[in-house]
Amino acid sequence: RSEYKARLANPAVAAKLTEKASQWNALTRTVLSRRTGGPASPPVVPPSDAAASTLQLLEKLLTVNPDPNPLWNHRRELLLLGSDDGSAAFPVEAELSLTAACLARNPKAYGAWFHRKWSVRRWILSSGGGGEEEGTEAGTGRRSAREDLLGTELGLCAYLLDRDERNFHCWNYRRFVVAAMLELPALEGGEGIPLLDGSWGGTGAPAAAGSGAFMGPQIAAGSAKAVPGTGAFPSATAATDRVVRSEFCFTTERIEKNFSNCSAFHYRSKLIDMVLDADLRDGGFTDAGETKPDCYQKRLNMARRELEIVQSAVFPEPDDQTAWWYHRFAVAWARPGGADSWSNEADAADAREAYAELIDGEIESMRELIEAEGGKCKWGLMALHMLLTEMLTQELDLDEEESEEMLAEANACLSELAALDPDRASRYKSMKR
């Protein structure tokens, strides 16, 4: 910003920018007049040659300034002319080139990212992305074209995240692309038109994740695509499992490169249920009721690995909040659930004991970290308080003396936090009560 202001102090630069802005405004007025025919008139359907001319003008305008959403809306109106029945292949390459140019200018332009998602989705759902039976030569070619395009888009995301790993627009777009890859088998299998909205499950969220969308919608709302109570798609296959595992590995690479990558941790938290589902399918677990202890053991093993990643992050940088959020998530994700979610009390008791063993190990790790920091570790104290509270609130067979010791240590954490963080002292006092 300071560099930009310094440039404007140069009269020659300022005059050139003023001329450029005037030209842009004049072109904008021309384009808007073609769209409405006047301030109060309804949209006008232009002849094909006029539409092509307007598309060229819009390309010029958006390449200079990709932010105005009305210009993108106008472009989509023109692209849809005569193709509402889905009979024509959508010209996706031109739109990908345009949005790439726009994102090179502004990598966080909302309108450009949305238009890229819209274009990919439109192409897949048009005759350019589907059509002939998948068993035919043409159908096989179209399937390959879809996979090639989505693979290229994943590569673009990786490139842009190398340049700016905190670009949440790019992370959201990657999520959309992966959702499209996961829904392609349903399209190829004749199960109807997929949503391709990036929601990854609609309202059919995994039981451990609570209610609501598994991952928020990206393009359009729609009905649930996941099997209720799991993170799986109805058409989950070895191929879709490979995609999910590959994305999980991608987040691992990003986290190992920078433990402060909050977007990678967030994405990981949304993938972990799907990876667990894939592992359970590989293990032949099809009836969760009959094999629940074994299923829960797999969940605990995954949670241990996730907590090891967190410890690798927090011990070198205990003041970085990013991994601490994921630490709280991983602890909650490993919970065994109430007694009513188990087929018998013996299994429920075993699960609670296994969970308590996990939490006990984390308590010891947090004590070590706090001691290494001379007792002045805010996030470590917060985590220790959370872990002790977790032990006290679980249905465990703790004797009275042990419970009192844990409660005293949890309150001692809050007292130390009030001294370390006086701006939130009232909060810590409230937590004690």
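**Exercise 1. Overall fold**

Among contacts in the protein between residues at least 6 apart in sequence, what percentage join residues at least 24 apart?

Solution. The model is predicted, so local features need pLDDT of at least 70 and side-chain atom pairs count only at pLDDT 80 or more, while totals for chains, interfaces and linings use all residues. Residues are numbered from 1 along each chain as its sequence is written, and side-chain values use heavy atoms, with hydrogens and water left out.

Step 1. Take contact as heavy atoms within 4.5 Å. Of the contacts between residues at least 6 apart in sequence, 63% join residues at least 24 apart.

Step 2. Helices (H or I, at least four residues) and strands (E, at least two) are DSSP runs, numbered from the N terminus. The protein has 16 helices and 0 strands.

Step 3. Buried means under 20% relative accessible area, exposed over 50%, and partly exposed in between (1.4 Å probe, protein chains only). Of the 433 residues, 43% are buried.

**Exercise 2. Helix H14**

Compare the expected span of H14 with its end-to-end distance, then state what its buried residues pack against.

Solution. Step 1. The expected span is 1.5 Å times one less than the number of residues. For the 16 residues of H14 (378-393) this gives 22 Å, and the end C-alpha atoms are 23 Å apart, which agrees.

Step 2. Buried residues of H14 include Leu-381, Leu-384, His-385, Leu-388 and Glu-390.

Step 3. The packing partners of the buried residues of H14 are H12 (321-333), H13 (345-372), H15 (400-420) and H16 (425-432).

**Exercise 3. H10 against H12**

Classify the packing of H10 and H12 by angle and handedness.

Solution. Step 1. Axes are lines fitted to C-alpha atoms, for helices over the stretch in contact, with angles from 0 to 180 degrees between N-to-C directions. The axes of H10 (residues 262-282) and H12 come within 9 Å and cross at roughly 20°.

Step 2. Angles under 35 degrees count as roughly parallel, over 145 as roughly antiparallel, 65 to 115 as roughly perpendicular and the rest as oblique. H10 is therefore roughly parallel to H12.

Step 3. A crossing is right-handed if the near helix is turned clockwise from the far one by less than a right angle, and left-handed if anticlockwise. H10 passes H12 in a right-handed crossing.

Step 4. Among the contact residues are Phe-265, Ile-272 and Asp-273 of H10, and Trp-325, Phe-329 and Trp-333 of H12.

Step 5. Ala, Val, Leu, Ile, Met, Phe, Trp, Tyr, Cys and Pro count as nonpolar, Asp, Glu, Lys and Arg as charged, and the others, Gly among them, as polar. The contact of H10 with H12 has 9 nonpolar, 3 polar and 2 charged residues.

**Exercise 4. H4 against H6**

Repeat the analysis for H4 and H6.

Solution. Step 1. The axes of H4 (residues 69-80) and H6 (residues 110-125) are 10 Å apart, at an angle of about 15°. That makes H4 roughly parallel to H6, and their crossing is right-handed.

Step 2. H4 contributes residues including Trp-72 and Arg-76, and H6 contributes residues including Ala-112 and Trp-118. By class, the contact has 6 nonpolar, 3 polar and 3 charged residues.

**Exercise 5. Cys-102**

Is Cys-102 buried or exposed?

Solution. Step 1. Cys-102 lies in H5 (residues 92-105) and is buried, with a relative accessible area of 0%.

Step 2. Beyond residues up to four places away in sequence, Cys-102 touches Leu-62, Thr-63, Pro-66, Trp-72 and Ala-112.
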